[in-house]
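Here are a few exercises to work through with the structure open beside you. Try each one yourself before you read the solution.

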Amino acid sequence: MSPRRNRPKGTDSSGRSAEDDRPRSYGGWQSVEDWRGEQWSVRNVAGASAQGKTYRCPGCEQLIPDGVPHVVAWPEHSGVDERRHWHKACWNAKDRRTTRVQRPRNAPRF
């Protein structure tokens, strides 16, 4: 018979868990990415925590409906006032897109 373990599962010998090393954020997992020569804070938002508002994606100019998982990104130097909500696919394809989609004058914006 093996001796009983007195420490909780998922901790190492120092008593710290693997979760202590992950970045902390509210509503999703956050990371830092380089884009256009700047550091961007990127946070994944789960669909369950995306309740109450509709956002417009700057990548495709389409609406992100209430309850849809998406990405929130902002430049590190400017803070959270510059946050933009992106579709996950649009954020991942941002390097393959042109600077802006040009529409004819009478085309709808949505």
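**Exercise 1. How many helices and strands are there in the protein chain?**

Keep in mind that this is a predicted model. Start by counting: the protein chain has 1 helix and 6 strands. Next, put them in order. Going from the N terminus, you meet β-β-β-β-β-β-α.

**Exercise 2. Find out how strand 5 is paired, and with what.**

Step one: look at strand 2 (38-45). Strand 2 and strand 5 run antiparallel and are joined by 6 bridges. To pin this down, take S41, whose bridge partner in strand 5 is W74.

Step two: turn to strand 6, residues 84-86, which pairs with strand 5 over 3 bridges, again in the antiparallel sense. Here A73 stands opposite R84.

**Exercise 3. Is strand 5 largely enclosed or open?**

Take one side first: H70, V72 and W74 are buried. Now flip to the other side, where V71, A73 and P75 are buried too. That makes 6 of the 6 residues, so strand 5 is largely enclosed by the rest of the structure. For the chain as a whole, buried residues make up 25% of the 110 residues.

**Exercise 4. Which residues make up the largest nonpolar core?**

A bit of background: in soluble globular proteins, nonpolar side chains tend to be buried together. In this model, the largest core has 10 residues: W35, W40, V42, C57, I64, V71, A73, W86, C90 and W91. Then ask where they come from: strand 2, strand 5 and helix 1 (88-92) each supply at least two of them. To see one member's surroundings, pick W40; leaving aside neighbours within four places in sequence, its contacts include V32, W35, A73 and W91.

**Exercise 5. Trace the aromatic pairs around W86.**

A search of the whole structure finds 5 aromatic pairs. One of them is W35 with W86, edge-to-face, at 5.8 Å centre to centre and 85° between the planes. This pair links distant parts of the chain, since W35 is in strand 1 and W86 in strand 6, 51 residues apart. Both W35 and W86 are buried.

Now step from W86 to W91: this pair is also edge-to-face, with 5.2 Å between centres and 75° between planes. W91 is buried as well. Putting it together, ring pairs link W35, W40, W86 and W91 into a cluster.

**Exercise 6. What lies over the face of W35?**

Look for K94: it lies over that face, 5.8 Å from the ring centre. Then check W91: the charged end of K94 sits over the ring of W91 too, 4.0 Å from its centre.

Key: Residues numbered from 1 in each chain as written. Predicted model: local features only at pLDDT ≥ 70, side-chain atom pairs only at ≥ 80, totals over all residues. Heavy atoms only, no water. Helix = DSSP H or I, 4+ residues; strand = E, 2+ residues; numbered from the N terminus. Buried < 20%, exposed > 50% of the residue type's maximum accessible area, 1.4 Å probe, protein only. Core = buried A, V, L, I, M, F, W, Y, C linked by side-chain atoms within 4.5 Å. Contact = heavy atoms within 4.5 Å. Pairing = 2+ DSSP bridges. Phe/Tyr/Trp six-rings, centres within 6.5 Å; stacked < 30°, edge-to-face > 60°. Lys NZ or Arg CZ within 6 Å of the ring centre and 35° of its normal.
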